[in-house]
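Open your viewer, switch to a cartoon view, and take this tour one selection at a time.

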Amino acid sequence: MNPAPPAHAHAPSLKTPLTTAQQQQQLAAGRNVSPSPGLRYPSNKKTIYDRNLSRSKNAELSRAAFGYLFVEMIGYAQRRVRGVADLEKRLNAQGYPLGLKLLDLLLTRSPLPSTSPSLRPTRILPLLQFITTTLWKHLFGRPADALERSAANADEYMISDNEPLVNTYISVPREMSQLNCAAYVAGVIEGVCDGAGFATRGVSAHWVGEGGGEGGKGMWPGKTVFLIRFADEVLEREEILGKNG
Amino acid sequence: MAIYSFYIFDRHTECIYSKRWLQQPQSSSKQARPTSASTTASVEMPARKALSAADDAKLIFGTVFSLRNIVKKLGGEDDAFLSYRTGDYKLHYYETPTRMKFVMLTDTKTNNLRVVLHQIWANLYVEFVVKNPLSPVEHPGGIGVANELFEMGLESFVSSVLVS
Amino acid sequence: MAIIKDRLVVFALLVINKAGGLIYNREFHSGLNKMSSNDYLILAGTFHGVHAITKSLSPLPRTQSANGTSASAPSPFVNRPTGLEVLESAHFRLQCFQTVTGTKFLLFTEPQQPNVDNVMKRIYELYSDYVMKNPFYTVEMPIRCEKFDRSLDAFVKVKS
């Protein structure tokens, strides 16, 4: 990045540690770059990219800050969409890359001394447990409320959350009552599954609190179920692995 | 407790009496405190000064009239508008059965002055204005209200209220 | 005595946007006269105007000593006249809170209700949470947020 790096920086003996004087010289050269007025980039290596990945584990984010950010994300997704399904698809797409990255990050941080630190789940159940505990705790500070396998279809799994954090401040207008903004979280789940090598035929978020009369609505009006439908080849592999193990 | 001003409106919505007890120490206090905040104050001052006393009375009547109607609408016909308070002052209101309106502006910490306003009406206005044989029945333009006895009575009554 | 103090009787809550339009209107306890929605709209508009007048009526010259905040940190809002804050009548008490952006909250309570300031603060919190952070709410438009309604109910009814 330095526009005029000292000549010795390109010397073949690059691996030998620089002397203090040389380091200072380099720093001085870096400082000569006049910072652009718009974007401020700290020169003292304090960006989040320079931080150790295992640190800032317990760093928490203001819920209000997330609330406002999510408002803008939904506002952005809402532009040029036709209908609720389209909007949910866009939210899902926004969450997907986050899931991919979180899988890597959380596996790197996972404190398993016996095994290799970045061992990804290879069976469905460990993967889902990873999602409902590790991922959920990282994102929302608590585990998911339930994990079930669909009785009707073997390829469907359901994670339920009584009160999704992303929906804390959201009141869906009546004309869009089918919309569940936790589709964003569904996208995150899809990203994690995909990244771990479990292709899905889609992850979707559904309301279950409503419509259940007095029973369902009373306790958890915002209860949401994330429906995960794995691809056929994943189930095939699972079967083979089950026989072998 | 400090009293800023006092108004009487008759049933024709006209202001028939007004009096101000405004301390004017701001010229001295302003010099004593040459802070930067005084610049914002001086920006707002000319706009305030532009309003004459008569305009003030009209605005007060409009305010009081609207609030009284709101109160009657919400609380029913037997409800009575008593007072309102802003960050700077408090306005006390009393309406006689003949729809005369007595209004007093004080500082914000003053308790309700409905009783005081009632006494001004009963002991001063009725005694010195209504019972005055030289005073007309109605008071267009305030004729006959600000007579010597009423002024003196009001002054001494207000100072006695201020002391207590 | 303590029981009476904790009791909260809120008759109604009105929210008026900065243009004087009524954007939220809700009754909690009966006690005020029933009014049509049109009457409420008129009330909001009238109050908006009266509020502006009461702001300009201040008998005190606007000096920094007027509200005794000259010692505190300079703020652009310190010297601003506030307009009507509390209105008392024989049957109710009206507390008005204006946000720095000009939205007004009108709370109608019983005449002797204590701690209305705290109630107002809490309602403002609920508003900023469930209305302002709702992606489907357009600023200055009528408030139709289910969670705002529900949280208000929970707050007002639990305390009463």
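Helices (H or I, at least four residues) and strands (E, at least two) are here DSSP runs, numbered from the N terminus. This is a predicted model: local features need pLDDT of at least 70, and side-chain atom pairs count only at pLDDT 80 or more, while totals for chains, interfaces and linings use all residues. Residues are numbered from 1 along each chain as its sequence is written, and chains are lettered from A and ligands numbered from 1 in the order in which they are written.

**Stop 1: chain A.** Select chain A and follow its sequence: the pattern reads α-α-α-α-β-β-α-β-α-β-α, for a tally of seven helices and four strands. Of its 245 residues, 23% are buried (20 or more other C-beta atoms within 10 Å of a residue's own; exposed is 12 or fewer, partly exposed is in between, and C-beta atoms are placed from the backbone).

**Stop 2: a hairpin.** Now select residues 146-149 and 156-161 of chain A. These are β1(A) and β2(A), an antiparallel pair with four bridges (two strands pair if DSSP finds at least two bridges between them). Six residues make the hairpin connection from β1(A) to β2(A). Look across from R149(A) and you will find Y157(A) in β2(A).

**Stop 3: the core.** Which residues have the most contacts inside the largest nonpolar core? Select C181(A), V185(A), I189(A), Y7(B) and L14(C), which hold that place in a core of 104 residues. Such a core is a set of buried Ala, Val, Leu, Ile, Met, Phe, Trp, Tyr and Cys residues joined through C-beta atoms within 7 Å. Helix α5(A), residues 183-195, gives the largest share of this core, eight residues. Zoom in on V185(A): its contacts include P164(A), V166(A) and F226(A), leaving out residues up to four places away in sequence (contact is C-beta atoms, placed from the backbone, within 7 Å).

**Stop 4: helix α4 of chain C.** Select residues 146-159 of chain C. Here K147(C), F148(C), L152(C) and V156(C) are buried. They lie on the same side of α4(C), because they cover an arc of only 150 degrees around the axis (taken from the directions from the helix axis to the C-beta atoms). This buried set packs against β1, β2 and α3 of chain C. Turn the helix to its opposite face for exposed D153(C), A154(C), K157(C) and V158(C).

**Stop 5: where C meets A.** Show both chains: 11 residues of chain C contact 11 residues of chain A. On the chain C side, α4(C) provides the largest share, three residues.

How values were computed
Contact = placed C-beta atoms within 7 Å.
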